[in-house]
Amino acid sequence: MPKILLSVFIIARNEADRIGTAIESVREWADEIVVIDSGSVDDTVKISQSLGAHTAYNAWRGYGPQKRFGEDQCRHRWLLNIDADEEITPALAAEIQSLFRSREPACAAYIIPVRDLLPGETKLARFAHTNSVVRLYNRDKARFSDSAVHDSVVVKEGRVGTLKSPALHRSFRSLSHAIEKMNSYTTAQAENMKGKTILFPTLRLIFELKAGFFKAYFLRGYMWRGRRGFIYAVVYAYGRFLRMAKYIEKVVTGH
């Protein structure tokens, strides 16, 4: 089958160890791959170019603005967004190709189930957490929001379909990386919350740890992932606590 007239775009910074997997998962069937780099000091750009991706630099201003910049670098109407720590599975690739086989896809956008792999996992765990998000879309009918924290696609017109096969998400390289990433992201979340009215922040601070652990361990199925699942449920809960603590520090105390 000839390549689909589809642009895949990826935002990245210091992803030399992972971006090759992301690109390899789409390069055989997607007509264009664009990597938006925000200042890597490793071989992210070099590896991307060696695999046939067009690369562009854009200073980091947040998730939404970075992805909107990525959209503008693409030449096709149909876009597929994946992150540098994600991989399109063969089953999902076949499903996407089937949409373009004989006609224009029927919907304006498609939800893709993104399933997580924790560090050390080589295959999807039983009941692995799934984040269902719009990632494949017609740019004439949908675009990423400009939120610096929440990188979600806003569909302006047309139907939204759902694909069945998953993309794989390896968010954390290690426990240290998880804590580092959580610290950075919660700072951005707290900044984003400054303009909003948060009811009972001190009370929420007290319950965030327990509520966050319950959500990750039981509702997200980390309980099925042994000691690894327990560890990362605690990390998730700590992130929820840290977000609220930073909000209180910035807004309530004025620092």
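**Strand E2 and its parallel partners**

In this predicted model, strand E2, which spans residues 30-37, has 7 of its 8 residues buried, that is, with under 20% relative accessible area, and the strand is therefore largely enclosed by the rest of the structure. Strand E1, formed by residues 4-12, runs parallel to E2 and is joined to it by 7 bridges. Within this pairing, Asp37 of E2 is the residue that stands opposite Ala12. The connection between these two strands passes through helix H1, residues 19-24, and the resulting β-α-β crossover from E1 to E2 is right-handed.

Strand E2 is also paired with strand E3, which comprises residues 54-57; these two strands run parallel as well, and 4 bridges join them. Here Val34 has His54 in E3 as its bridge partner. From E2 the chain reaches E3 by way of helix H2, residues 44-50, in a β-α-β crossover that is again right-handed.

Attention may now turn from the strands to a pocket. The second largest pocket of the model has a volume of about 170 Å³, and its lining is made up of 11 residues, with Ile4, Leu5, Trp78, Phe100 and Glu104 lying nearest the centre of the pocket. By residue class, the lining of this pocket consists of 6 nonpolar residues, 4 charged residues and 1 polar residue. Ile4 and Leu5, which are among the residues nearest the pocket centre, fall within the range of residues 4-12 that forms strand E1, the parallel partner of E2.

Methods. Residues are numbered from 1 along each chain as its sequence is written. This is a predicted model: local features need pLDDT of at least 70, side-chain atom pairs count only at pLDDT 80 or more; totals for chains, interfaces and linings use all residues. Side-chain values use heavy atoms; hydrogens and water are left out. On a 1 Å grid over the protein atoms alone, a cavity is a set of points where a 1.4 Å probe fits but cannot get out, and a pocket is an open set with protein on both sides within 12 Å along at least five of seven lines; lining residues have an atom within 4 Å of a point. Grid points are joined across faces, edges and corners, and a volume is the space filled by probe spheres set on the points. Ala, Val, Leu, Ile, Met, Phe, Trp, Tyr, Cys and Pro count as nonpolar, Asp, Glu, Lys and Arg as charged, and the others, Gly among them, as polar. Buried means under 20% relative accessible area, exposed over 50%, partly exposed in between (1.4 Å probe, protein chains only). Two strands pair if DSSP finds at least two bridges between them. A crossover is right-handed if, with the strands pointing away from the viewer, the path from the first strand over the helix to the second runs clockwise.
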